[in-house]
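Hello,

Please find the structure below. My notes on it come after.

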Amino acid sequence: MKTDPSKIRKQTILQFFLLCSLYTFSQSFRISETSCEHLYNPIGIDVSHPRLSWKIASDRRGFEQSAYQIKVSSEGEEVWNTGKVLSNNSLYLKYEGPKLESRKRYYWQVKVWNRENKVSRWSEKAFWEMGLLSKNDWSARWITSTIEEDTSMAEPPIMYRKTFELKKKVKRARAYVTSRGLYEASLNGEKIGDQLFTPGWTSYNNRLQYQTYDITDQLVQGTNVTGAILGDGWYRGNLLWEHKRNFYGKTLALLMELYIEYEDGSIAVVGTDNSWKTAVGPIRSSDIYNGEVYDARLENQALSTKNLDGPGWKGTIEMSGVKADIVGSMGVPVRVTETIKPVATIKTPKGEIVVDMGQNMVGSIRLKVKGAKGTRITLNHAEVLDKDGNFYTDNLRSAKQEVVYTLKGEGMEIYEPKFTFMGFRYVSIKGWTGDIPEDMITGLVIHSDYKSTGTFETSNPDLNQLQKNIEWGQRGNFLDVPTDCPQRDERLGWTGDAQVFARTAAYNGNVAAFFLKWLKDLALDQRENGAVPWVLPDVINNGRASAGWGDAAVIIPWDLYQIYGDIGFLEEQYKSMKAWIGYIRTVSGSDNLWNEGTHFGDWLFYSLSNDTSGKSAVTDKHLIAQCFYIYSTSLVLKTAKVLKKETDVADLTKLLATIKNAFLQEYLTPNGSLVSNTQTAYVLALHFDILPENLRRQAADRLVQGIKDYDNHITTGFLGTPYINLVLSRFGHHKEAYELLLQDTYPSWLYPVKMGATTIWERWDGIRTDGTFQDVGMNSFNHYAYGAIGDWMYGTIAGINADETSVGYKRSIIRPRPGGGLSYAKASYETVYGQIKVDWELKEGMFDLSVIIPSNTKATVFLPGAKMNTVMEGGKGLSKSKGISDIKEEGTNVSMTVKSGTYHFNYIYAQ
Ligand code: BGC
């Protein structure tokens with residue numbers, strides 16, 4: 001039978017279009033990001049069942065995943081394939097294939113189906129690589145130098161090195177490295193990897209992290225030289241204001257193994273042992289607080305010299321008895337994330353030559369200089385100039401923050417300190433009489449390199465500066481552990497500070513892995529009686545625990561569970577969370593009141609010296625303690641419910657009722673006021689749902705009165721500040737919340753902004769209006785705690801919130817609340833499902849709102865000041881809009897459920 005050729009052509013064209021549309025359809029959604037244990041293509045992890053997550057991008061509304069399939073392969077062979085699994089879950093899917101092997105790299109891909117059973121393409125290949133799962137995988141030995149040291153002071157860091165021959169072609173090579181003290185490892189004269197402050201700060205007596213590096217390209221055929229230089233770091237350098245040295249021990253040590261696979265399949269291992277050599281080199285001293293002294297004239301001793309046994313190279317000895325667990329590093333690496341050029345060079349009234357970086361930053365200076373041999377340049381670092389414009393370092397207390405560099409005088413010299421960091425905006429230069437060319441000083445911004453997840457902008461430039469200050473405060477103080485400050489002789493993992501700031505931090509960056517790491521150390525350093533130390537890792541070691549500080553053990557895991565939807569936070573920490581409640585329970589007497597112990601209270605609240613007016617906003621410390629006892633108990637109760645710990649649920653339910661009751665008996669007057677009539681007292685009692693329903697409104701009114709009493713100023717300290725605006729907004733005092741936020745005279749968030757701050761200050765009045773400084777004993781200009789207002793800014797101004805009933809933003813609540821004269825706000829937040837975007841503008845009586853909701857999630861959207869019949873979405877009436885359901889009008893709010901996708905609302909704004 002003959003077919004009409006034109007018919008065939010038509011058919012072919014039809015088929016082509018069909019294929020094209022099928023193709024286009026399959027392109028309408030795809031896997032846009034994959035991660036493993038909150039990390040991206042990690043190498044050297046040592047979890048036996050890594051958990052895999054993905055994000056889906058779709059250009060259509062209402063994408064819902066109905067199924068997924070994961071496949072995993074290693075060395076070209078498939079090792080696990082889930083087949084098609086009916087599930088809408090895209091987070092933390094556990095690898096359940098055959099046992100994972102040390103050192104192996106596993107590649108994985110995922111594809112997903114939508115509700116119409118259409119499938120995406122496979123995601124791009126991602127991987128994770130296993131570290132060393134068992135102690136026996138290490139053939140390297142711990143070594144230390146035979147060079148004698150006086151450990152009562154900072155001695156020159158010691159270089160360790162080894163030369164070795166490679167005769168064959170290398171296919172793949174890894175370095176596994178850890179140390180007591182900080183290390184910088186190198187191979188053939190180049191630093192290995194780009195991480196700084198390795199192996200990180202952990203509870204060193206319990207666990208030490210090792211890092212894994214791909215060194216394949218750094219090896220050469222023939223002679224190679226490898227090694228590391230060790231700095232005192234947190235292990236034995238100065239810690240605390242008491243100048244404690246050798247906190248973890250006196251002996252620094254190195255454990256390093258190069259594992260080399262040749263192309264012919266054979267293996268070579270170069271591990272630390274007593275054949276390694278050691279010498280001191282150009283770094284003369286190095287200390288986290290005090291800085292570094294470097295003499296470039298001594299560089300001929302350098303680590304990279306291939307000719308080994310030069311003069312001064314001494315032996316090493318192998319060490320036994322390192323008891324700490326050696327674990328794969330799964331936090332967020334510290335790196336240089338940005339370089340900054342100075343904005344000005346100043347000659348101060350005192351005649352100091354000072355370079356202004358334009359930003360209070362954390363890190364160090366790269367010095368680039370050409371000059372005569374022996375010239376000694378001293379760089380000092382300060383956060384501020386005093387009121388006369390002179391260089392000011394008194395607030396650093398004993399931390400020297402000083403870098404001394406002696407030139408070798410051979411052409412252009414470039415130097416970056418290794419084992420120290422400074423908190424500074426200004427750098428004074430001494431010992432240099434030449435010009436200061438533009439590239440002589442470069443600021444290296446150093447911190448844990450978390451992925452940035454948030455953007456926030458409004459029509460108010462001061463607020464935008466506040467947001468910038470919050471971000472910089474976070475960058476400067478997330479340096480492997482969450483620290484209080486980066487400049488004076490502290491820089492410690494203060495629990496209270498971390499607790500109040502964690503939610504804000506999570507808007508600005510993906511801090512899941514960062515906190516998971518720190519919480520592990522929290523649990524390890526927690527006392528047997530459940531007491532949570534003031535700082536973690538615990539180097540204060542006094543056994544004391546305080547309200548609002550120790551509660552970090554509970555509040556942070558709970559908050560992060562909400563934000564990331566990762567039940568691992570709760571599973572891992574539950575024991576520690578429960579132990580904390582157990583501790584409070586033991587120290588509370590039979591009256592069930594936590595009214596003993598050392599408490600910081602509402603740290604740094606508004607207070608006047610020699611106060612005779614009674615205006616200082618003092619909140620009873622034990623009232624605060626009871627509030628936190630209640631709050632933490634309520635969160636552990638919620639956790640017990642999530643984890644289905646039935647006995648604990650029953651026990652904690654009872655406890656919660658008892659301790660709430662004890663609070664009401666002790667701290668509430670018959671007329672419904674609290675015994676401390678402060679903003680913080682009402683804020684805590686309301687935010688933690690302590691007061692009976694019928695007294696809450698009244699208490700909120702008292703709070704408002706308490707703000708008016710101070711002429712619309714905030715008087716809270718560290719503990720009240722994070723919640724004050726949340727409480728005001730929750731109880732209908734939204735206008736007052738904005739007024740408080742936009743207040744710009746002391747005490748307020750914007751006062752420091754008006755004073756030119758580029759970070760968040762420790763105190764509301766670090767610099768007074770007359771330019772003088774607050775108490776020199778404690779006056780940091782980079783302390784993130786008051787930056788906790790960021791949580792309200794994202795959650796209320798932009799309106800981006802997680803819905804507690806459906807964690808990880810599986811369902812979000814988008815509820816922007818305009819006010820404070822703002823004409824627009826735009827913010828975005830990268831959730832674990834993808835990006836939420838909110839962009840609103842109020843113009844000529846019209847409200848415009850664009851919202852993006854990530855695939856595989858839903859949101860409840862509230863339209864402020866809206867009447868249902870005036871709202872248009874994408875040019876249509878609401879009921880005609882695709883993806884929108886459950887539309888309700890309540891007062892001046894219209895709310896609805898929206899599926900994933902992009903929406904544009906527009907309506908007449910009714911106030
Ligand atoms: C730190 C704080 C910390 C506090 C305890 C200070 O020295 O810098 O931020 O929370 O001590 O009260």
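The notes cover cavities first and aromatic contacts second.

This is a predicted model, in which local features need pLDDT of at least 70, side-chain atom pairs count only at pLDDT 80 or more, and totals for chains, interfaces and linings use all residues. Residues are numbered from 1 along each chain as its sequence is written, and side-chain values use heavy atoms, without hydrogens and water.

Cavities (sets of points on a 1 Å grid over the protein atoms alone where a 1.4 Å probe fits but cannot get out; lining residues have an atom within 4 Å of a point): the search of the whole structure gives three of 30 Å³ or more. The largest has about 200 Å³ of space, the volume being the space filled by probe spheres set on the points. Its lining has 21 residues, with Glu33, Tyr40, Lys55, Asn510 and Val832 nearest the centre. The second largest cavity holds about 70 Å³, and its lining includes Leu466, Trp749 and Trp761.

Aromatic pairs (ring centres of Phe, Tyr or Trp, the last by its six-membered ring, within 6.5 Å; planes under 30 degrees apart are stacked, over 60 edge-to-face, the rest tilted) number 59. Tyrosine 450 and phenylalanine 478 are edge-to-face, with centres 6.0 Å apart and planes at 75 degrees. Phenylalanine 478 is buried at 1% relative accessibility, where buried means under 20% relative accessible area (1.4 Å probe, protein chains only). Trp761 also belongs to an aromatic cluster that includes Tyr392 and Phe781.

Lysine 451 lies over the face of tyrosine 40, 4.0 Å from the ring centre; the criterion is NZ of Lys or CZ of Arg within 6 Å of the centre and within 35 degrees of the ring normal.

Regards

How values were computed. On a 1 Å grid over the protein atoms alone, a cavity is a set of points where a 1.4 Å probe fits but cannot get out, and a pocket is an open set with protein on both sides within 12 Å along at least five of seven lines; lining residues have an atom within 4 Å of a point. Buried means under 20% relative accessible area, exposed over 50%, partly exposed in between (1.4 Å probe, protein chains only).
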